[in-house]
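Visitor: Mind if I quiz you on the labels people hang on residues and helices? I'd like to see each one checked against its cut-offs.

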Amino acid sequence: MPLVAVTYVKGRPGATTTALGLAAVAPEWARPVVVECDPAGGDLVRRHELAAVPSVVDLAAAARGTARPREVFAAVTQPLKVREAMVPVVCAPPGGAQTRAALPELTGGGRAVLTAPDRVVVADCGRLGQGSPVWSLLRLADVVLVLARANAADVAHLREHLGDLIDAGEGRLVVLLGAGAAYPAAEVADVLSTHIGQELARDPQAVSVLGPLPHDRRAAAVLGGDLVAGRRWRRLPLMAAYARMWDDLAPYLPAVAALPTEQAAEAAS
Ligand SMILES: Nc1ncnc2c1ncn2[C@@H]1O[C@H](COP(=O)(O)OP(=O)(O)OP(=O)(O)O)[C@@H](O)[C@H]1O
Ligand SMILES: [Mg+2]
């Protein structure tokens with residue numbers, strides 16, 4: 001059930017950019033799909049001029065039915081093109097009310113649509129707060145990727161949520177430092193693991209720290225729909241950083257099931 005949840009606790013550190021960027025440069029085995037689950041509403045429709053429907057509302061409706069996840073995603077995803085890469089995305093309406101209503105449907109008991117065995121779902125969960133409806137999704141995730149800028153204020157806010165994040169589920173907690181870091185990853189890892197071990201009395205190894213991501217306006221503009229990707233878009237520093245991250249995430253993701261033969265032929269055509 002490979003599910004990667006991308007979230008953050010403070011600022012706008014680049015969660016949506018990261019969810020889409022990871023999917024755009026994912027290795028072939030991942031067959032990723034991006035699902036907008038931000039309780040504040042989606043951004044991809046506006047940024048990439050996609051259709052408002054189908055959306056996460058349709059995904060939630062399908063999750064109640066008996067269709068297999070593969071068929072469900074075929075019906076509710078839209079292709080988002082980053083030059084030659086085609087990223088399937090499930091958009092969320094702007095505003096957030098419909099996404100907040102859809103989340104319990106997607107994550108309730110017995111619902112398996114977000115944990116389909118044959119693809120990695122990258123869920124953009126937006127900003128995390130007490131009582132946010134995305135906590136139920138974090139519980140299902142194999143990797144909870146928490147974006148944070150490496151400055152004193154954002155790390156302090158992150159520390160406040162660490163206990164809840166560690167307890168949220170079985171998945172691996174990964175803190176990804178956003179662009180414009182004031183501290184290196186090793187220093188942040190040190191601060192967080194000391195806090196986890198001494199103040200929370202939990203395993204100091206419960207969190208990994210990755211990044212910082214490069215500040216890369218061009219790549220961010222491509223992923224934000226403001227710039228058309230050039231021929232060498234994969235070589236942009238941010239894209240290359242996302243591509244390398246898959247090596248760090250792979251050990252925490254269950255193997256993606258191979259498609260049945262006829263599906264594989266269909267996917268390749
Ligand atoms: N690595 C980066 N380098 C430069 N700019 C970036 C980078 N990542 C994101 N940005 C820019 O930062 C802004 C916020 O990004 P994004 O929308 O991904 O944030 P977010 O964390 O999802 O917050 P929100 O959901 O509130 O918009 C965008 O303008 C985006 O282009
Ligand atoms: Mg966002």
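Guide: Right after helix 8 comes Ala201, with a positive phi near 55°. This is a predicted model, where local features need pLDDT of at least 70, side-chain atom pairs count only at pLDDT 80 or more, and totals for chains, interfaces and linings use all residues. Residues are numbered from 1 along each chain as its sequence is written, while chains are lettered from A and ligands numbered from 1 in the order in which they are written.

Visitor: What makes Ala201 count as exposed?

Guide: Ala201 has 8 C-beta neighbours inside 10 Å. A residue is exposed if 12 or fewer other C-beta atoms lie within 10 Å of its own, buried if 20 or more do, and partly exposed in between, with C-beta atoms placed from the backbone. So with 8 neighbours, Ala201 is exposed.

Visitor: And where does Ala201 lie?

Guide: In the loop between helix 8 and strand 8. Helices are DSSP runs of H or I with at least four residues, strands are runs of E with at least two, and both are numbered from the N terminus.

Visitor: How do you know that the span of helix 8 is close to the one expected?

Guide: Helix 8 covers residues 185–199, 15 in number, and reaches 20 Å from its first C-alpha to its last. The expected span is 1.5 Å times one less than the number of residues, and for helix 8 that gives 21 Å, so 20 Å is close.

Visitor: Why say that the buried residues of helix 8 line one face?

Guide: Val188, Leu192 and Ile196 are buried. Seen down the axis, the buried residues fall within an arc of 65°, so they line one face of the helix; the arc is that of the directions from the helix axis to the C-beta atoms. As a rule, an α-helix has 3.6 residues a turn, so residues three or four places apart point the same way. On the other side of helix 8, Ala186, Thr194 and Gln198 are exposed.

Visitor: Why is Arg31 called partly exposed?

Guide: Arg31 has 19 other C-beta atoms within 10 Å, which falls between the two limits, so partly exposed is the label. Arg31 also has a positive phi of about 40° although it is not a glycine.

Visitor: Which residues is His215 in contact with, leaving aside neighbours within four places in sequence?

Guide: Ala179 and Gly180. Contact means that the C-beta atoms, placed from the backbone, lie within 7 Å. C-alpha to C-alpha, His215 and Gly180 are 6.2 Å apart, though 35 residues apart in sequence.

Technical notes: Two residues are in contact if their C-beta atoms, placed from the backbone, lie within 7 Å.
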